[in-house]
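Biologist: Before I rely on the labels in this model, I would like to go through them one by one and hear what each rests on. Could you show me the structure?

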Amino acid sequence: MSQMMQMLGAGNGSGKAQQMMQLLSTMQGGQEQGDTTKDTLNSWLQKTTGNSPTKAEVVYNTMEVPGSKPPSYISSVVLLTLDPSRTFSGEPSPSKKLAEISAAAAALRENGQEPPTPRTASSGSGGNKKKKKKKGAVPQAMAGM
C-alpha cells in the first residue's frame with residue numbers, strides 16, 4: 001500500500017493520491033472480510049478467562065474426511081485455558097478454513113454462546129449479492145478526479 005502511495009505521489013502532498021488511497025481502503029472494507037466466528041470465540045474466551053488466548057491455547061485439528069469426493073474436511077478445537085479435556089467438533093466442510101469455523105461455532109454453542117451469522121458468499125442468504133460492473137466503468141467516487 002505504501003508503495004502505491006509513493007507511485008501516486010502521496011508523499012509529495014498530492015491530494016488526489018490521498019483521495020485515491022481512501023477510496024481503495026473504502027472499497028476493500030466494503031468487501032466480504034470472511035466469517036468472524038473464530039474471533040468471536042477468542043473474544044468470549046478472553047471475557048471468560050480474563051486473558052487473551054494465544055494460538056497455542058486454542059488448538060485446531062483439521063483433517064480430510066477419508067474417501068470424500070469432492071474432498072471435505074472436519075475440524076475439532078480444544079480450548080486449553082478453559083478445559084483441556086474437552087474437544088469441540090464441527091461439521092464436515094468443503095475447506096479447511098470452513099471446517100475450523102464450524103468447530104469454533106460448535107465450541108461457542110456448547111458453551112451457551114450464539115455464533116455470529118456467517119458473512120461468507122456461500123451462506124446462501126442472497127442478501128449480499130454484488131452488482132456486476134461494466135467493463136471500463138469508473139467508480140462514481142473516482143469520476144471527478
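Modeller: Three strands form an open sheet here, in the order β1-β2-β3, with antiparallel pairing. This is a predicted model, in which local features need pLDDT of at least 70 and side-chain atom pairs count only at pLDDT 80 or more, while totals for chains, interfaces and linings use all residues. Residues are numbered from 1 along each chain as its sequence is written, and side-chain values use heavy atoms, with hydrogens and water left out.

Biologist: What makes β1 and β3 the edges of the sheet?

Modeller: β1 (58-64) and β3 each have a single partner strand, so one side of each is left without a neighbour in the sheet. Averaged over the sheet, neighbouring strands are turned by 20 degrees against each other, direction ignored; the axes behind such angles are lines fitted to C-alpha atoms, for helices over the stretch in contact, and angles run from 0 to 180 degrees between N-to-C directions.

Biologist: How do you know that β1 and β2 are paired?

Modeller: Two strands pair if DSSP finds at least two bridges between them, and seven bridges join the antiparallel strands β1 and β2, so the definition is met. One of the bridge partners is Val78 in β2, which faces Val59. Strands themselves are DSSP runs (E, at least two residues), as helices are (H or I, at least four), numbered from the N terminus.

Biologist: Why is the contact between Glu100 and Lys38 called a salt bridge?

Modeller: The term asks for a side-chain nitrogen of Lys or Arg within 4 Å of a carboxyl oxygen of Asp or Glu; for Glu100 and Lys38 the N to O distance is 2.5 Å, so the pair qualifies. Glu100 lies in helix α4 (residues 96-110) and Lys38 in helix α3 (residues 37-49), so the salt bridge ties together parts that are 62 residues apart in sequence.

Biologist: Why is Glu100 called partly exposed?

Modeller: Buried means under 20% relative accessible area and exposed over 50%, with partly exposed in between (1.4 Å probe, protein chains only). Glu100 has 21%, and Lys38 has 27%, so both count as partly exposed.

Biologist: What makes Arg86 and Glu110 a salt bridge?

Modeller: Their closest N and O atoms are 3.6 Å apart, which satisfies the salt-bridge limit already given, so this pair is counted too. Arg86 lies in the loop between β2 (73-79) and β3 (87-89) and Glu110 in helix α4, so parts 24 residues apart in sequence are tied together.
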